[in-house]
Amino acid sequence: EKKLSKVIVPDKWKDGASNTTERGGRKINENKLLSKKNRWSPLGTTKCIICKQQVHQNGKYCHTCAYSKGVCAMCGKQVLDTKLYKQSNV
């Protein structure tokens with residue numbers, strides 16, 4: 001237990017270092033999968049207005065809904081006239 005309480009290579013910059021046991025660094029015997037910090041994800045938190053699917057950028061519509069409506073996926077502005085298109089709802 002005495003060996004487990006020490007870090008092999010401690011950082012000389014202790015503030016914000018991930019491999020120290022002091023001041024909010026790493027905890028001893030912690031599960032790394034359960035203790036993940038907030039990371040950037042490409043999907044983000046925004047969802048499509050129509051189908052509620054996650055959008056890959058901060059947009060209003062997903063790609064399929066934007067194409068079927070003929071609008072821009074980011075701003076929602078009408079881009080394409082789809083009156084004469086034969087599209088299914090599937």
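This report describes a predicted model of a single protein chain, from its overall make-up to a surface patch and its cysteines.

**The chain as a whole**

The chain contains one helix and zero strands. Of its 90 residues, 13% are buried. Its accessible surface comes to about 8,500 Å², and carbon and sulfur atoms account for 55% of that area. Contacts across long stretches of sequence can also be considered: among contacts between residues at least 6 apart in sequence, 1% join residues at least 24 apart.

**A nonpolar patch on the surface**

Four residues, Tyr 67, Val 79, Leu 80 and Tyr 85, form a nonpolar patch on the surface. Together they have about 400 Å² of accessible area. Helix H1 spans residues 63-69, and Tyr 85 lies in the segment after this helix. Val 79 is likewise placed in the segment after H1.

The position of Val 79 can be described further. Val 79 and Tyr 67 are separated by 12 residues in sequence, while their C-alpha atoms are 9.4 Å apart in space. Beyond its neighbours within four places in sequence, Val 79 is in contact with Gly 70, Val 71 and Cys 72. Val 79 has a relative accessible area of 63% and is therefore exposed, the cut-off being over 50%. Tyr 85, at 37% relative accessibility, counts as partly exposed because this value falls between the limits for buried and exposed, 20% and 50%.

**Cysteines without disulfides**

A disulfide is a covalent bond between the sulfur atoms of two cysteines. In this model the count of disulfides comes to zero, with a cut-off of 2.5 Å between the sulfur atoms. For Cys 51, the nearest cysteine sulfur is that of Cys 62, 3.6 Å away, so Cys 51 is in no disulfide under the 2.5 Å cut-off. The sulfur of Cys 62 is also the nearest cysteine sulfur to Cys 65, at 3.5 Å, and Cys 65 is in no disulfide.

Cys 51 and Cys 65 can also be described by their accessibility. Cys 51 is partly exposed, with a relative accessible area of 37%. Cys 65 has 11% relative accessibility and counts as buried, because the value is under 20%.

**Accessibility of selected residues**

The table gathers the relative accessible areas of residues discussed above.

| Residue | Relative accessible area | Class |
|---|---|---|
| Val 79 | Val 79: 63% | exposed |
| Tyr 85 | Tyr 85: 37% | partly exposed |
| Cys 51 | Cys 51: 37% | partly exposed |
| Cys 65 | Cys 65: 11% | buried |

Note on methods
Residues are numbered from 1 along each chain as its sequence is written. This is a predicted model: local features need pLDDT of at least 70, side-chain atom pairs count only at pLDDT 80 or more; totals for chains, interfaces and linings use all residues. Side-chain values use heavy atoms; hydrogens and water are left out. Patches are made of residues with over 30% relative accessible area and no salt bridge: like charges are joined within 9 Å, nonpolar side chains (Val, Leu, Ile, Met, Phe, Trp, Tyr) within 5 Å. Accessible areas come from the Shrake-Rupley method with a 1.4 Å probe; for residues, only the protein chains shown count as cover. A salt bridge is a side-chain nitrogen of Lys or Arg within 4 Å of a carboxyl oxygen of Asp or Glu. Helices (H or I, at least four residues) and strands (E, at least two) are DSSP runs, numbered from the N terminus. Buried means under 20% relative accessible area, exposed over 50%, partly exposed in between (1.4 Å probe, protein chains only). Contact means heavy atoms within 4.5 Å.
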